[in-house]
Amino acid sequence: RDVLDAEEEEPPERVAGAGSIGDTLRRFFLLGVEHIATGYDHILFLLALLMVGGGFRSLVAIVTAFTVAHSLTLSLAVLDVVQLPSRLVESAIALSIAWVALENILNDQVRGRWRITFAFGLMHGFGFASILREMHLPRSGLVASLLAFNLGVEAGQLVVVVLSYPLVLAMQRSAHRRWWVGLASGVILVLALWWLVERAFG
């Protein structure tokens, strides 16, 4: 067999740990950004949270709570301190989106949203960890790779918040605010319930 075939069959451990430390950190940072960019469920969770999150202070509290929570469980899962079944984690993530969307529909103002954000953020952290665990990361440089991935996730999350905030602000200031929030949250709720059924029973 030729060299190309041999390279394609390299074990994940070698692929994950290949190259200089700078290359490794850059790769995992970009991997974190990509995970957010393609993680439609995580994006919808953030958008649903921001719709009735209140002012700037509330926004900071929500984003901070989500960051702290998912960083905690991401680290615990990758370091094999705590493990949960993938089906349970993915179903809980879908449930968290549905819960927040339903809250938006039923309540005009949701106070203390950072608390529920923290609780559900713990589950999202286990979801983030799944992609790293599949790579069978080497123990050498594990902490640095984990930090780079998490920073990539935060960078991607910040981009989502910055891009969506003007739209969310316009929605909150609209004379038809409740209608727009109800419509957007209803669409998110339907998608989340579909994911919940698919992940729990599929």
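**Figure 1. Five residues make a nonpolar patch of about 500 Å² on the surface.** The patch is made by W179, W180, L183, V187 and L191. As with every view here, what you see comes from a predicted model. L191, one of the patch residues, is found in helix α9, which covers residues 177-201. Is L191 buried, partly exposed or exposed? With a relative accessible area of 36%, L191 is partly exposed, because partly exposed covers the range between the buried limit of 20% and the exposed limit of 50%.

**Figure 2. F45 and F66 form a tilted aromatic pair.** The structure holds four aromatic pairs, and this view shows one of them. The ring centres of F45 and F66 lie 5.4 Å apart, with 45° between the planes. Which helices do the two partners come from? F45 lies in helix α4 (residues 40-51), while F66 belongs to helix α5 (residues 56-78). The two residues are 21 apart in sequence, so their pairing ties together separate parts of the chain. Both F45 and F66 are buried.

**Figure 3. F45 also pairs with F120, this time edge-to-face.** Here the ring centres are 6.4 Å apart and the planes stand at 90°, so the pair counts as edge-to-face. The partners sit in distant parts of the chain: F45 in helix α4 and F120 in helix α7 (residues 113-133), 75 residues apart. How does burial look for each partner? F45 has a relative accessible area of 0% and is buried. F120 has a relative accessibility of 15% and counts as buried too, because the buried class takes in values under 20%.

**Figure 4. Four aromatic residues come together in one cluster.** Stepping back from the single pairs, you can find F45, F66, W99 and F120 in one aromatic cluster. F45 is a good place to start looking: this residue pairs with F66 in a tilted arrangement and with F120 in an edge-to-face one.

**Figure 5. The setting of these views is a protein with nine helices and zero strands.** Following the sequence from start to end, you meet the pattern α-α-α-α-α-α-α-α-α. How much of the protein is buried? Of its 202 residues, 41% count as buried. Among contacts with a separation of 6 or more, 87% are between residues 24 or more positions apart. The accessible surface of the protein comes to about 11,000 Å², and carbon and sulfur atoms account for 69% of this area.

Notes:
Residues are numbered from 1 along each chain as its sequence is written. This is a predicted model: local features need pLDDT of at least 70, side-chain atom pairs count only at pLDDT 80 or more; totals for chains, interfaces and linings use all residues. Side-chain values use heavy atoms; hydrogens and water are left out. Patches are made of residues with over 30% relative accessible area and no salt bridge: like charges are joined within 9 Å, nonpolar side chains (Val, Leu, Ile, Met, Phe, Trp, Tyr) within 5 Å. Accessible areas come from the Shrake-Rupley method with a 1.4 Å probe; for residues, only the protein chains shown count as cover. A salt bridge is a side-chain nitrogen of Lys or Arg within 4 Å of a carboxyl oxygen of Asp or Glu. Helices (H or I, at least four residues) and strands (E, at least two) are DSSP runs, numbered from the N terminus. Buried means under 20% relative accessible area, exposed over 50%, partly exposed in between (1.4 Å probe, protein chains only). Rings of Phe, Tyr and Trp (its six-membered ring) pair if their centres lie within 6.5 Å; planes under 30 degrees apart count as stacked, over 60 as edge-to-face and the rest as tilted. Contact means heavy atoms within 4.5 Å.
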